[in-house]
Each structure stands twice: as C-alpha cells, then as structure tokens.
Amino acid sequence: MVEPDEVVSMARMVLARTGDLAGQQVVVTAGGTREAIDPVRFVSNYSSGKMGFAIAEVARDRGAAVTLITTVNRPPLFGIEKIHVNSAQQMLEAVLTATREADVLVMAAAVADFRPEAIAEQKIKKQVDTEGLTLEMVRNPDILAEVAKQKSAGYGPRVTVGFAAETEDLMTNATNKLTRKKLDLIAANDVTATDAGFAVDTNRVTLIAAAGSVEELPLMSKVEVAEAIFDKVSQLNLKR
Ligand code: C5P
C-alpha cells in the first residue's frame with residue numbers, strides 16, 4: 001500500500017492545481033554547504049535545511065513546480081525535484097542552471113563564505129612533531145550576486161528572495177544585503193534566539209521588500225514563515 005504521507009502529499013498536489021503559484025517554477029536552496037578539506041573532512045555550519053525544506057513544500061502545495069537544491073541528506077519530498085550538492089561552487093552551478101527559466105528563487109541555504117584553498121588528495125595525517133594545522137581559506141562566490149548578473153544579462157528568476165541570519169544589527173545588516181545582493185525580498189532573522197533560526201522548527205523573521213514594506217512576523221512554525229514569504233512573493237509577482 002502507498003504510505004499515508006504520500007497519499008496526503010498527492011492530495012495536496014491535486015488541490016494545489018488552483019493555487020496562486022500554479023504554472024510557476026520555483027527554485028529553493030537549503031542547508032549548509034560543505035567545503036572539503038580532504039576526502040573525509042569538510043568545513044560547514046549548523047544549518048539544518050529545515051527552513052528551505054518547508055519553503056519547498058509550501059511552494060509545491062501552492063501549485064509551483066519546485067526544484068530543491070540541497071546539501072541535506074533527507075529523503076526527497078513528494079513531487080519535488082531534488083538536486084544534491086555539497087560545496088558552494090556546486091550549488092552555484094546548480095542554481096544558475098535551474099534558475100535560467102525560473103520565476104522565483106529562494107536562497108535559504110547557509111553558503112560558506114570561505115573554502116579551503118586546496119583539497120588534499122589523501123586524508124591529512126597528524127604529524128607526531130607538530131601541534132597544529134593551518135588551513136588556507138579563499139572566498140567562495142556569492143551565489144545571489146551571480147544570479148543578479150544573470151538577471152542583468154536578460155535571464156534568471158523574476159523574483160529573488162534571500163535570508164539574512166544575523167547575530168547583531170539585524171535590520172541594518174539585512175537592509176544592506178537586500179540592496180547589495182539586488183533582492184526583491186529578504187527574510188531577516190536573529191539567530192541568537194533559541195526558539196528561532198538554526199535547527200529548530202520555529203522561526204521569527206522580518207520580511208523586508210525592495211519595494212519598501214517591512215513586516216515583522218511573530219514566532220511561527222517554519223511552514224507558516226514559508227506561507228508568509230509566498231504571500232509577499234505573490235504580491236511582487238502580480239506587480240510585474
Ligand atoms: O552574506 P550572507 O551570507 O549573510 O547572505 C545571506 C544570503 O545570501 C542568503 O540568502 C544566502 O543563501 C545567500 N548567499 C549566497 N552566496 C554566498 C553567501 C550567501 O547566495 N556565498
């Protein structure tokens with residue numbers, strides 16, 4: 001027998017045919033990138049991918065064709081195309097390809113700013129006579145900046161949404177990112193709160209639109225945050 005979860009997902013997809021995102025292509029990224037040090041080790045962060053997975057499910061349930069680009073080893077979501085990547089460079093290539101014809105991109109992934117300059121071909125061994133190990137790191141590409149370049153060349157998503165996970169000066173930093181990364185919408189969240197941000201099922205975000213609106217949302221489930229994001233995206237889409 002088909003699993004009950006699948007039956008529910010199928011019913012949701014049928015109901016979604018008349019949703020506000022019907023006929024739209026939505027690309028979502030989720031999870032922290034993994035930057036290889038050697039064949040068995042990597043540098044990463046605490047992102048669980050929960051926010052991005054919730055965004056992908058909500059987009060599907062509102063009728064969109066969804067591509068989820070992720071580093072997270074969770075089973076694929078029903079009706080969602082999942083592309084597995086590890087590093088920021090792999091994520092960049094997957095995003096640029098998937099968004100050429102897309103309507104909406106939501107970058108919920110926590111992309112590492114730096115990666116080890118070189119990946120050791122063999123597992124790095126500890127030396128008996130040395131106390132430490134120094135890793136040379138180099139800057140990763142900014143995926144949203146590359147998407148903005150693609151947009152100014154005439155293709156790429158019509159609406160771009162980013163996240164700003166901050167530990168201080170939330171509004172100033174988020175607003176700067178909105179402008180610098182040429183976003184239509186940014187979801188700003190204070191990741192120092194224990195009930196919001198990384199690895200929990202709830203989040204508290206402020207949605208800032210390039211068009212000028214600022215909406216401070218209360219503590220919500222990540223699914224509810226995703227719904228609020230697409231409510232805003234629908235308004236932006238309509239204006240185009
Ligand atoms: O600059 P910061 O990492 O805080 O920006 C967060 C936003 O930018 C997120 O939406 C994240 O997915 C995106 N990002 C990116 N490429 C990077 C770093 C972050 O697209 N190299």
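Let's start with salt bridges: this predicted model has 14 of them. Side chains of opposite charge can pair when their charged atoms come close. I'd like to walk you through a few of these pairs.

Helix 2, residues 50-61, is a good place to begin. Glu-57 and Arg-60 both sit in this helix, three residues apart, or about one turn. Their closest N and O atoms are 3.8 Å apart, and the two form a salt bridge. The partners have different surroundings: Glu-57 is partly exposed, because its relative accessibility is 25%, while Arg-60 is buried, at 2%. This pair also belongs to something wider, since salt bridges with shared partners join Arg-12, Glu-57, Arg-60 and Asp-61 into one network.

Now step past the end of that helix. Arg-62 meets Glu-227 in a salt bridge, with 2.8 Å from N to O. Arg-62 lies in the loop between helix 2 and strand 4, and Glu-227 in helix 6, so this pair ties together parts that are 165 residues apart in sequence. Arg-62 counts as buried at 11% relative accessibility, and Glu-227 as partly exposed at 33%.

Helix 4 has a pair of its own. Lys-149 and Glu-146 are three residues apart there, about one turn of the helix, and their side chains meet at 3.1 Å, N to O. Here Lys-149 is exposed, with 52% relative accessibility, and Glu-146 is partly exposed, with 25%.

Let's go back to helix 2 for a moment, to Lys-50. Which side chain does Lys-50 contact? Its partner is Asp-201, in a polar contact of 3.1 Å. Lys-50 itself is partly exposed, at 27% relative accessible area. Its C-alpha atom is separated by 13 Å from that of Phe-163, a residue 113 positions away along the chain.

Phe-163 brings us to the ligand, as it is one of the residues around it. Others in that group include Met-107, Asp-113, Pro-141 and Lys-177. A ligand nitrogen is 2.9 Å from a polar backbone atom of Ile-143, and a ligand oxygen is 3.0 Å from one of Leu-144. Lys-181 takes part through its side chain, with a polar atom 3.1 Å from a ligand oxygen. How much of the ligand does the protein cover? The protein covers 87% of the 450 Å² of accessible area that the ligand has on its own.

Last stop, the surface. Phe-114, Leu-133, Leu-135 and Met-137 form a nonpolar patch there, with about 360 Å² of accessible area together. Met-137 belongs to strand 8, residues 137-139, and is partly exposed at 33%.

Technical notes. Residues are numbered from 1 along each chain as its sequence is written. This is a predicted model: local features need pLDDT of at least 70, side-chain atom pairs count only at pLDDT 80 or more; totals for chains, interfaces and linings use all residues. Side-chain values use heavy atoms; hydrogens and water are left out. Patches are made of residues with over 30% relative accessible area and no salt bridge: like charges are joined within 9 Å, nonpolar side chains (Val, Leu, Ile, Met, Phe, Trp, Tyr) within 5 Å. Accessible areas come from the Shrake-Rupley method with a 1.4 Å probe; for residues, only the protein chains shown count as cover. A salt bridge is a side-chain nitrogen of Lys or Arg within 4 Å of a carboxyl oxygen of Asp or Glu. Helices (H or I, at least four residues) and strands (E, at least two) are DSSP runs, numbered from the N terminus. Buried means under 20% relative accessible area, exposed over 50%, partly exposed in between (1.4 Å probe, protein chains only). A polar contact is a pair of N or O atoms within 3.5 Å; within protein, one must be able to donate a hydrogen and the other to accept it, and residues adjacent in sequence count only if both atoms are side-chain atoms. A residue is near a molecule or strand if one of its heavy atoms lies within 4 Å of it.
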